[in-house]
Amino acid sequence: MPIQISMPRLSDTMERGTIVHWNVKEGDAVKPGMVLGDIETDKATMELQAFDTGTVAAILLKEGDSVDVGKNILVLAEEGEDAGAVRATFAGGGGAGAAAANKPAAAAANKPASGGAGSSGGGAAVASAPAPATARAGNGANAGNGASGGNGVASSDRATGRVFASPLARKIADERGIDLAGIRGTGPSGRITRKDVEAAGAPSGGRRQPEAAGASAAAAAGRSPAAMPAAMLTAGGGLESRVEQLSNMRRTIATRLVQSKQTIPHYQVTVAVNMDALLALRGQLNEQLAAQNVKLSVNDFLVRACALAMHEHPYVNSSWGRDGASIELHERVNIGVAISLPMERGGGLVVATLRDADRTGLRQISADTKALAEKARTRGLSIEEMDGSTFTISNLGMFGVEHFTAIINPPNVAILAVGAAVEKPVARNGQLVVGHEMQMTMSSDHRVVDGAMAAAYLQTVKRMLEAPATLLV
């Protein structure tokens with residue numbers, strides 16, 4: 001009897017799923033544990049695993065199509081069954097027929113959502129309860145299917161004819177009539193990215209090439225194209241009007257940001273931290289640990305300080321009660337770190353969770369943060385890796401930002417926005433000297449954390465950062 005595989009519910013709030021990539025084609029043999037493809041949920045991109053043995057008889061959705069949870073997406077023929085007959089039964093003679101039948105659902109999924117649950121804060125998306133699926137084990141290019149890495153490397157599998165490209169790259173290529181088979185990808189393992197598509201040439205259908213648009217702009221301004229900035233004359237350098245549909249994750253971020261801002265009474269408290277001692281200690285430690293390939297960041301010290309400070313200020317490590325009339329204080333200190341995603345993965349932010357950060361040393365915090373950031377940007381985090389944060393840090397210091405405020409990441413009651421350690425004239429012991437100063441702004445839920453409590457917590461974190469030796473023990 002044919003085995004019908006439906007869109008699984010991969011998170012507690014998932015209602016629809018989008019096929020990002022198929023790892024199999026019709027006629028392929030399948031066995032338990034095999035990764036059939038990648039599915040984008042409202043929170044992350046997850047692997048779809050096989051639990052049965054059979055042959056792929058019909059693929060009912062194309063890459064990029066969306067359907068409700070529970071709808072059939074793939075059919076397997078069991079041993080002894082005629083895969084062709086099964087395909088005719090379920091797909092009307094081929095996967096294309098069923099994919100066409102799902103077009104209305106896919107179109108509906110692409111409309112901006114007016115509601116729905118999810119988790120995001122400070123521009124960050126967070127997952128909740130663990131789901132019966134694993135994180136994407138392969139890289140974005142699905143190297144196991146024949147792609148190879150590096151610039152100028154083939155971005156397709158000649159044996160299967162599959163082309164390895166990000167969903168955004170495929171979307172732009174479709175809109176512009178560009179054949180992905182002729183593009184060499186520069187992404188991980190040779191995957192084609194948005195930039196590769198934009199650099200590949202002009203769209204079809206009479207739309208102006210970016211070079212032509214740049215030349216017209218130059219003529220209108222009374223300048224020759226040669227006098228225009230190089231960015232305006234290269235492929236992909238011109239701007240164009242277009243409507244871009246939200247991904248499931250982006251839609252969830254938008255919904256949860258509005259919910260957080262509308263339902264949580266935010267307020268902000270800012271302190272400035274003398275970073276001279278910490279930067280000196282960090283430089284000394286990194287010099288000593290260089291042989292072990294360890295490089296501590298300022299954010300590693302921040303995570304440690306924020307976690308240890310919870311023992312003196314437990315209400316900052318809490319949540320507003322689900323009953324609306326209580327406060328839930330947490331036993332474990334799990335620090336969420338906001339990670340930006342590259343545009344070829346759809347952009348946006350996710351929050352990776354560093355568990356028991358108050359009981360973890362700087363070296364381990366550094367290793368865990370780097371591993372989670374790399375996985376988030378290349379393969380995608382699992383639900384477990386994004387679940388359970390009790391406090392969130394959003395650091396934009398690496399972008400040169402000195403001060404900003406962040407939106408609380410529910411169910412946390414606070415989020416810390418951290419700027420850059422800026423070298424500037426400062427007063428030290430009554431003298432005007434040059435030193436490094438960093439601003440930290442904490443957004444708090446006034447139902448749980450009042451102003452004095454927020455100020456006291458930030459003073460504790462400030463004290464630890466200004467005497468950083470305490471973070472080593």
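Start by selecting D356, which sits in the loop between strand 17 and helix 11. Before going further, keep in mind that what you have open is a predicted model. D356 has a positive phi of about 50° although it is not a glycine. Is D356 buried or exposed? Its relative accessibility is 15%, so it counts as buried, the limit being under 20%. As background, most residues other than glycine have a negative phi.

**The whole chain**

Now zoom out and show the protein chain as a cartoon. You'll be looking at 13 helices and 21 strands. Colour the chain by burial and 49% of the 473 residues come up as buried. The chain exposes about 21,200 Å², and carbon and sulfur atoms supply 53% of that area. Contacts are worth a glance too: among those between residues at least 6 apart in sequence, 67% join residues at least 24 apart.

**Helix 11**

From D356, move along to helix 11 by selecting residues 362-378. This helix has 17 residues and reaches 24 Å from its first C-alpha to its last, close to the 24 Å expected at 1.5 Å a residue. Which of its residues are buried? Pick out L362, I365, S366, T369, L372, A373, K375, A376 and T378. In general, an α-helix has 3.6 residues a turn, so residues three or four places apart point the same way.

To see what lies over those buried residues, show helix 10 (298-309), strand 16 (335-340), strand 17 (349-354) and helix 12 (383-386), which are among the elements that cover them. Then click on G380, which follows helix 11 and has a positive phi, near 100°.

**Helix 10 and its crossing**

Keep helix 10 on screen. Its 12 residues reach 17 Å from first C-alpha to last, close to the 16 Å expected at 1.5 Å a residue. How many of its residues are buried? The count is 12 of 12, so to speak a helix that is mostly covered. Among the buried ones are V298, N299, L302, C306 and L308.

Next, turn the view until helices 10 and 11 are both clear. Two packed helices are described by the angle between their axes and the distance between the axes. Here the axes come within 9 Å and cross at roughly 115°, and helix 10 passes helix 11 in a right-handed crossing. Show side chains where they meet: D300, F301, V303 and R304 come from helix 10, while L362, I365, S366, T369 and K370 come from helix 11. By class, this contact has four nonpolar, two polar and three charged residues.

**N293, in the loop before helix 10**

Select N293, in the loop between helix 9 and helix 10. N293 has a positive phi of about 60°, although it is not a glycine. Is N293 buried or exposed? N293 counts as exposed because its relative accessibility is 74%, whereas D356 counts as buried at 15%.

**Helix 13**

Now select residues 451-466, which make up helix 13. Its 16 residues should span 22 Å at 1.5 Å a residue, and the end C-alpha atoms are 22 Å apart, which agrees. Colour its buried residues: A454, Y457, L458, T460, V461, K462, M464 and L465. Their cover includes strand 13 (266-274), helix 9 (276-289), helix 10, strand 18 (391-395), strand 19 (414-418) and strand 21. You've met helix 10 already, as part of the cover of helix 11.

**S444, in strand 21**

Strand 21 runs over residues 431-445, and S444 lies in it. S444 is buried, with a relative accessible area of 0%. What is S444 in contact with, leaving aside its neighbours within four places in sequence? Show P265, H266, Y267, I408, V413, A414, V449 and A454. A454 should be familiar from the buried residues of helix 13.

**Two last stops**

For the next stop, go to P410 and P411, which are joined by a cis peptide bond with omega about 5°. P411 is found in the loop between strand 18 and strand 19. As a general point, most peptide bonds are trans.

Finish at A181, in the loop between helix 4 (167-176) and helix 5 (194-198). A181 counts as exposed, at 52% relative accessibility. Draw a distance from its C-alpha to that of F164 and the viewer should give 9.1 Å, for two residues 17 apart along the chain.

How values were computed. Residues numbered from 1 in each chain as written. Predicted model: local features only at pLDDT ≥ 70, side-chain atom pairs only at ≥ 80, totals over all residues. Heavy atoms only, no water. Helix = DSSP H or I, 4+ residues; strand = E, 2+ residues; numbered from the N terminus. Buried < 20%, exposed > 50% of the residue type's maximum accessible area, 1.4 Å probe, protein only. Contact = heavy atoms within 4.5 Å. Areas by Shrake-Rupley, 256 points an atom, 1.4 Å probe, with all protein chains shown as cover. Expected span 1.5 Å × (residues − 1). Axes fitted to C-alpha atoms, helices over the stretch in contact; angles between N-to-C directions. Left-handed = near helix turned anticlockwise from the far one by under 90°. Nonpolar A, V, L, I, M, F, W, Y, C, P; charged D, E, K, R; others polar.
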